[in-house]
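Let's walk through this model together, starting from a single residue and working outwards. Have the sequence and the 3D view at hand as you read.

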Amino acid sequence: MGVQELSTIIWRQRQLLELLVFKLTEEQLLLTSGRTAWLSHATREVEEVVTRLYDVELLRDVQAAQVAADWDAADATTLRDLIPHAPPPWDEVLRGHLEALTALTTQIRTVRDANGTFLREGLRATQETLAGLDASGGTYDARGASTAPRAPAAQLVDREL
């Protein structure tokens with residue numbers, strides 16, 4: 001039952017990693033479309049998936065340690081270390097899981113890096129816009145009147161005097 005439970009946990013981890021790719025892609029679409037008002041919601045969803053991943057990862061580590069003990073593979077601390085000790089067909093099953101986890105991790109890294117680039121570019125554009133604003137907008141005095149420089153008032157001139 002130990003290795004079967006381990007495989008089930010890894011399937012759950014793979015599903016969460018796929019969900020994380022989806023949520024990061026959602027964030028990317030919001031960033032590229034300029035709909036940043038929804039970005040906080042998408043970020044919260046990414047954080048929720050990451051929290052669930054930590055929980056599943058802990059379960060996987062505990063189950064992997066149990067399987068390693070069952071197979072007399074005390075030095076097998078990771079999935080990669082466990083594969084050489086696995087009897088058939090579990091060696092192929094675990095190898096397939098490892099390949100899928102590696103591919104998903106690469107996808108996550110790629111989307112995460114692209115999102116970071118979009119965020120940095122957006123921050124830079126915002127800073128440049130703010131730097132270009134006229135800072136002589138003035139403030140208010142103690143009576144609440146604006147201290148901003150006034151534009152010349154329009155004047156009417158009666159030319160028929």
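Leaving aside its neighbours within four places in sequence, which residues is Ser7 in contact with? The answer is Trp90, Val93 and His97, where contact means heavy atoms within 4.5 Å. Ser7 is found in helix α1 and counts as buried because its relative accessibility is 7%; buried means under 20% relative accessible area, exposed over 50% and partly exposed in between, with a 1.4 Å probe and protein chains only.

A word on the ground rules: this is a predicted model, so local features need pLDDT of at least 70 and side-chain atom pairs count only at pLDDT 80 or more, while totals for chains, interfaces and linings use all residues. Residues are numbered from 1 along each chain as its sequence is written, and side-chain values use heavy atoms, with hydrogens and water left out.

Now step back to the whole chain. It holds four helices and zero strands, in the order α-α-α-α along the sequence; helices (H or I, at least four residues) and strands (E, at least two) are DSSP runs, numbered from the N terminus. Of the 161 residues, 29% are buried. Among contacts with a separation of 6 or more, 58% are between residues 24 or more positions apart.

Helix α2 is a good place to look next. It covers residues 39–70, and its 32 residues reach 46 Å from first C-alpha to last, close to the 46 Å expected at 1.5 Å a residue (1.5 Å times one less than the number of residues). Its buried residues include Leu39, Val46, Leu53, Arg60 and Val67. An α-helix has 3.6 residues a turn, so residues three or four places apart point the same way. Cover for the buried residues of α2 includes α1 (2–33), α3 (79–82) and α4 (90–131). Just after α2, Asp72 takes a positive phi of about 55°.

These helices come together again in the largest nonpolar core, which has 28 residues, with Leu6, Leu20, Leu82 and Leu94 making the most contacts inside it. Such a core is a set of buried Ala, Val, Leu, Ile, Met, Phe, Trp, Tyr and Cys residues joined through side-chain atoms within 4.5 Å. The elements giving it two or more residues are α1, α2, α3 and α4, and the largest share, nine residues, comes from α1. Take Leu6: beyond its neighbours within four places in sequence, Leu6 is in contact with Arg60, Gln63, Ala64, Val67, Leu82 and Leu94.
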